[in-house]
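Student: Could you take me through one part of this model closely, namely its salt bridges and the helices that carry them? I'd like a connected account that I can follow with the structure open beside me.

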Amino acid sequence: MSEELPPPEADGREAVDEVRATDADAWATACAEDLAAEKARRRTQYGPPPGSAAEELRKLVDTVADKLSGFQSPLLGAVAGPAAQQVVKQVVQQAKAAVEPVIERNPDLFDHLANAGSELLAAYRSAVQAQERRWTTRESDLDGRRDDRGDESGPGERIDLD
């Protein structure tokens, strides 16, 4: 045996490291492909996803500005119409000029406000549902005995008028 083979440990370690690196890359690639396919499927099914809260606010401001700029008031008549429309356009442009820098500087602020609003809504729903449960369940009166409702045939309560 004139040929000497390298020890199996050194050769095996390199091969295992290559396989692990290849497996990790394959796994990451497969996950990325699956995620992209799922996003494409959802986009076709539900339409484009909503943007951030800042982008949605910007769209709202643009839409309102377009609607107000195109608004013509029949109450002002033909004489005041063009002047009033020019004033509306100026006000809309000033409002957009005031809102745009705020949106640009603080895009995350609007996401936080939207999340806070969702949390407040969830808290309100929880409080209302708890109160509704108290109103709709038949509970004992204050001293622990059940109210005397007479016959139990209907949902009504006996009211003592004395």
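Tutor: Happy to! Let's begin with a pair inside one helix: Arg-41 and Glu-38 both belong to helix 1, which covers residues 8-46, and they sit three residues apart, about one turn of the helix. Their side chains form a salt bridge, with the closest N and O atoms 2.6 Å apart. Since the cut-off for such a pair is 4 Å between a side-chain nitrogen of Lys or Arg and a carboxyl oxygen of Asp or Glu, the distance of 2.6 Å between Arg-41 and Glu-38 qualifies. Arg-41 is partly exposed, because its relative accessibility is 40%, a value in between the 20% and 50% limits. Glu-38 is partly exposed as well, at 27%. This pair also has company: Glu-38, Arg-41 and Arg-42 are linked in a network of salt bridges.

Please keep in mind that this is a predicted model. The mean pLDDT of the chain is 75, with 67% of the residues reaching 70 or more. Among the helices, confidence is lowest in helix 1, the one we have just visited, at a mean of 75. The highest value belongs to helix 4 (residues 107-136), at 88.

Now let's move along the chain to a pair that joins two helices. Arg-58 and Glu-104 meet through their side chains in a salt bridge, at 2.7 Å from N to O. This one links distant parts of the chain: Arg-58 is in helix 2 (residues 53-70), Glu-104 is in helix 3 (residues 77-105), and their positions lie 46 residues apart in sequence. How exposed are the two partners, Arg-58 and Glu-104? Arg-58 counts as partly exposed, because its relative accessibility is 22%. Glu-104 is exposed, because its relative accessible area of 53% is over the 50% limit.

A second bridge joins the helices 2 and 3. Lys-96 forms a salt bridge with Asp-62, and here the closest N and O atoms are 3.4 Å apart. Lys-96 lies in helix 3 and Asp-62 in helix 2, so this pair ties together parts that are 34 residues apart in sequence. Lys-96 is partly exposed at 22% relative accessibility, and Asp-62 is partly exposed too, with 28%. In total, the count comes to six salt bridges, including the ones I have described from Arg-41 to Glu-38, from Arg-58 to Glu-104 and from Lys-96 to Asp-62.

While you have this region on screen, look at the alanines. Ala-95 is placed in helix 3, and its C-alpha atom is 8.7 Å from that of Ala-65, although the two are 30 residues apart along the chain. Ala-95 is partly exposed, because its relative accessibility is 40%.

Helix 2 has a nonpolar side to show you as well. Val-64 is found in helix 2, and together with Leu-60 and Leu-68 it forms a nonpolar patch on the surface, with about 250 Å² of accessible area for the three. Val-64 itself is partly exposed, at a relative accessible area of 40%.

Back in helix 1, you can find Lys-39. Lys-39 is partly exposed, with 46% relative accessibility. From Lys-39 to Pro-49 the separation is 10 residues in sequence and 9.4 Å in space, C-alpha to C-alpha.

Finally, let's place these details in the whole chain. There are four helices and zero strands, and along the sequence the pattern reads α-α-α-α. Of the 162 residues, 5% are buried. The accessible surface comes to about 14,000 Å², and carbon and sulfur atoms account for 58% of that. Among the contacts with a separation of 6 or more, 44% involve residues 24 or more positions apart. If you return to the bridges with that in mind, Arg-58 and Glu-104 are 46 residues apart, while Arg-41 and Glu-38 stay within helix 1.

How values were computed:
Residues are numbered from 1 along each chain as its sequence is written. This is a predicted model: local features need pLDDT of at least 70, side-chain atom pairs count only at pLDDT 80 or more; totals for chains, interfaces and linings use all residues. Side-chain values use heavy atoms; hydrogens and water are left out. Helices (H or I, at least four residues) and strands (E, at least two) are DSSP runs, numbered from the N terminus. Buried means under 20% relative accessible area, exposed over 50%, partly exposed in between (1.4 Å probe, protein chains only). pLDDT is the predictor's confidence in each residue, from 0 to 100. Patches are made of residues with over 30% relative accessible area and no salt bridge: like charges are joined within 9 Å, nonpolar side chains (Val, Leu, Ile, Met, Phe, Trp, Tyr) within 5 Å. Accessible areas come from the Shrake-Rupley method with a 1.4 Å probe; for residues, only the protein chains shown count as cover. Contact means heavy atoms within 4.5 Å.
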